[in-house]
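User: Please take a close look at one part of this model, the open sheet and what packs on it. Add a short note on the metal site and on one buried loop residue.

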Amino acid sequence: MIVSPPRINLRRAASHNPHDRGPLSSTSSRFNFNHLVFSPPPSPGLPSLSPPLRKPWSAQPHDQYEMVAQDDVPDFPTPIVVTDRRGRAKWTVSIQPDSNFPLTPGQYSDLCAKCKEVSGRVRELRTQSHGLQQAYLSFTSSDSGDHDFIDIQEAENAVYLLSAKGRKSGKQGQEVALVGTLKTKETADQPICAKSMTFVLESTDAGIGRTLMMLWTAYGLALRENRAFFIDDTRWAYGKYTEIFKAPPVPACRPPPRHEMLPCPRQARHLIASAATASEVFDRYMTGSSDADDRSVQKTMFSLARQGYEALFELNKDDGEYVDGRIRELMAKRMMVVSPKTTKGGGGGAGLTVGVHVRRGDCHPFEYQYRDSYVPLNNYADTARDIINDRLNTRAHSFVVLASDDPMVYESDEFADASRAQERIKLANKQAIQQAQPARNVMRKYVDETFGWEGGFFAAMFWNLGVSSTSAAKALPSGSSARAYATAAAQPSSETIRLRSLVGRAYMMDLAVLAGASDVVVCTVSAVGCRLLAVMMGWDSAMQRGNWVNIDGGLQFSQLGTASQIGVAIAAFFTITVVLNVLQQVLFKNPNEPPLVFHWFPVIGSTITYGMDPPRFFKENREKYGECFTFILLGKKTTVYVGTQGNEFILNGKIRDVCAEEIYTVLTTPVFGKDVVYDCPNSKLMEQKKFMKVALTTEAFRQYVPIISDEVLSYFKRSPDFKGKSGTVNISPKMAQITIFTASHALQGKEIRDQFDESLADLYHDLDMGFSPVNFMLHWAPLPWNKRRDHAQRTVAKIYMDTIKRRRERGETGAQDIMWHLMNSEYKGGVKVPDHEIAHMMIALLMAGQHSSSSTSSWIMLRLASRPDIMEELYQEQVDALGADLPELTYEDLAKLPLNQAIVKETLRLHAPIHSIMRAVKQPMPVPGTKLVIPTSHVLLAAPGVSATDPHYFPNPELWDPHRWEKDSPNAPAISRSTAEDEDMIDYGYGLVSKGASSPYLPFGAGRHRCIGEQFANVQLQTIVAMTVRLFKFRNVDGSNKVIGTDYASLFSRPLEPAVIAWERRDSN
Ligand code: HEM
């Protein structure tokens, strides 16, 4: 037997914390990501499969997981992976029969998250591709089911799991009494139900309404799926279910042992449902089938809930009788004889009863203008009056029946004539509470000091009901999480339970009377009670005949045309999504995950604020949340870790923990081609980097400097934009051309360079379009630019392959360029680099440097235009160091020009072209020195640019000051020696690089993915600057020292365009 892989975090070396939701978020949005559809084969950390083992097995390559023998199943609830006799991967769930049932909501939802992951992994193992997505689809759909899942009984029969009897504890599976299933002689003889659903009445939500809605819906679902239905009220905050309702109809079979009741997958024979796992249970209905429109999904949910309501909503005997009497009373009041003339249409002899439900407390309306307060009472009253006038033309014998959680509402002027729905249990009003033993009543504290109470049902008050003055000090402050309230309320006193039960009963009676006595109900849909009322009225009356009137948003669903209904549905969907998203963030913070940047909209999250200005986004959120925080980027949880520790954590992450190719491959593979860079295992990339780096030697650079100088001179000579003595020019496109001409000539030889004047420039432009950020999602789509990209890739690769062939045929020897080095390189094991890989590496080399170098050279020119004085210093530096005649530039000369070097260095500090470096997380990664663990559902993002502009290291960080790199400069960086060159070195397979990534200045990255083009880029940029300075004086067109803003719209940041500067030739006189 194999315990699920390390990312599932089962039997870890560290102790297991049952309250920890674990590294996996149940709401993981990984499945939205196209690149995960083509997910790579399982990580090396995944244990290989083997038949069920009899002995403990622990010879695993990593210590994060272990294989265990069958009699040593984990002692906490968890999915486990097994192999069947034919060696196929399957999974099941193990819950110790002697666990404390019901498990906590956290445990159930955690189990679901893990089941989803394991299901995906097992599928992945079997299909090796498209795994997660397919598995996810089958996981949530009970129709098709997850074929790899083995239900508990089969698992026990097949001895994958020891039966309850055989487990270590020796305890039998428990058959705890559920509501109405007390053991009697007859029931003891009944068989165990073939299929069941048990609803656990426990949630961190104080309100009874949401739980009730879910309970009813779950019942409807159970009925639909022929499952026996049970209710578990063991830990219900409202006490015994039968204090409020009659026991539910009891099926003619017994509930199964508790450890067989599973929250997931949906197909499990015995399902356990609760607020914590509602989304798993109802998902299919929420998302709907592809052909179901919103209304039909809504209707399905409605009818499920309605079935539950009809079967379950029976109040206890006394309350039930009271409600019946009260409804009769109100009906009689309405039935007073009225003249037929007074009614519209002349019919009927009764007034109209309008039920009004006013929920206040901590429930705030969806409607924007009231979102911080409540819908005003006169809106309810006016709507009720309009309905009466509209339908009857008179108010005679019509009246309002009112129910509210806020006692003050009953005393308001707006409802002076209204009848109270019920008077059996009344909630005390504010004055009454204050008068009643103020010193001993903790509620007062919450009423006045904490909330500035306006009245109504507050979650905090609910959890503290019945808390005595002695324990008042321990009462939780406002702002405590719902979980904290729930925990504090875990062992309520009998007085507390009595009070809560009274609240529940009052609420239920209110609803029962409103639904039973009203012709029309007016309420706000933001309150769950309002939605319950709709269900209680029935679809026909509430929706079809428009007797359910929602005034939160002002529109009546059923009174609109189809187009408007769709509009309202969409608006409602968005509103609900936003509300749920916000609630999720506020209520379900995971203390073991980095803080989540607050956002209103799911999926979109912080994408827009991040995309507009990533560096500012990082800095602002560092202020708010610290150096490590998470934000939502296109639905994906993205964890940023800035600062030197963050750089180290991400860029030096272990190969088994982080993965670059999983993120980048969708973009790079179609552009570079197959089998290179991110389309191959990391070890192969390391070898490829070594081959490429070998060509970037000092000897090679000596040859490159004259080549680059000549290219620069010839460009400025022939470019029409630089004709004459002076002029203005949009500098960025010019620098892009200079960059590609210089790089192609130096790195790929004259033959290739010459083709850039003809066809190659256009082809590389088409290739470049493949790097649009939108291609993270649409890299596969048959869009025009993708078609051009693919055509360009094939054509360019062919040009390189033909060149290779020609060179071989010529029998060439002794060349020094990169292509030649690659043609003569061998992988470990003596395999020659195939021609197509050489061609693809040639594309990669040019593309990898093009954006970074051309953006950097543009920034340099713009900076020089803003500081003509520094441009003059540069010129003078060359005159002083090389002589007034400025001889032909050599590689050695560059070392004599420190300011020229510092220009490049300082520009890269402020304008690092790669602002975000991303990695997929392959194993949960504990953040050293904190309790945080980054789960595998997150993407990691390093932003070395943040530390490069941190005043802690760089005085006056926003100042472009090339002189800061001089030792005595007041702005000299405060970089500790430990981060400088004398650090330990390491070879990842492509030559020695410094080991640490903890320097605040890392424009070329660090670790195994560190740039190999650093020295070439420096040589190239320094040569371009030196040659340009020899020829021109630059300044801003308006003479100012301003610098244009940054364009973050593409993957690499660059100057906004047009970036026009004024130039003047030095030799003009
Ligand atoms: C100013 C110019 C440049 C800058 C700022 C720059 C920056 C970077 C950075 C930050 C990385 C790390 C990416 C990551 O960790 O995900 C990187 C990787 C790389 N760069 Fe550069 N680069 C520049 C020029 C070049 C040039 C000219 C070449 C080629 C001659 C080149 C080839 C590469 C390659 C092959 C990688 C390795 C990717 C990997 O191992 O995953 N770069 N560069």
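Analyst: What follows deals with the sheet, then the loop residue, then the iron site. The model is a predicted one.

The open sheet has five strands in the order S12-S13-S19-S16-S14, and its pairing is mixed. At the edges stand strand S12 (628-633) and strand S14 (658-659); each has a single partner strand, so one side of each is left without a neighbour in the sheet. For S14, pairing with strand S16 (residues 917-921) is antiparallel and runs over two bridges. Cys659 has Ala920 of S16 as its bridge partner.

Two helices that pack on the sheet can be described next. Helix H24 (residues 643-651) touches strand S13 (636-641), S14, S16 and strand S19 (939-942). The direction of H24 makes about 125° with that of S13. Helix H25 (residues 661-672) also packs on the sheet, where it touches S14, S16 and S19. Between the directions of H25 and S16 the angle is about 120°.

Now the loop residue. Thr949 sits in the loop between helix H37 (944-948) and strand S20 (985-987). Its relative accessibility is 8%, so Thr949 counts as buried, the cut-off being under 20%. Apart from neighbours within four places in sequence, Thr949 contacts Lys619, Arg909, Leu910, Phe954, Pro957 and Glu958.

Last, the metal. The protein gives the iron atom of the ligand a single donor, SG of Cys1011, at 2.3 Å. Cys1011 belongs to the loop between strand S21 (992-994) and helix H38 (1014-1031).

How values were computed
Residues numbered from 1 in each chain as written. Predicted model: local features only at pLDDT ≥ 70, side-chain atom pairs only at ≥ 80, totals over all residues. Heavy atoms only, no water. Donors = N, O, S within 2.8 Å, 3.2 Å for Na, K, Ca; no water. Helix = DSSP H or I, 4+ residues; strand = E, 2+ residues; numbered from the N terminus. Buried < 20%, exposed > 50% of the residue type's maximum accessible area, 1.4 Å probe, protein only. Contact = heavy atoms within 4.5 Å. Pairing = 2+ DSSP bridges. Axes fitted to C-alpha atoms, helices over the stretch in contact; angles between N-to-C directions.
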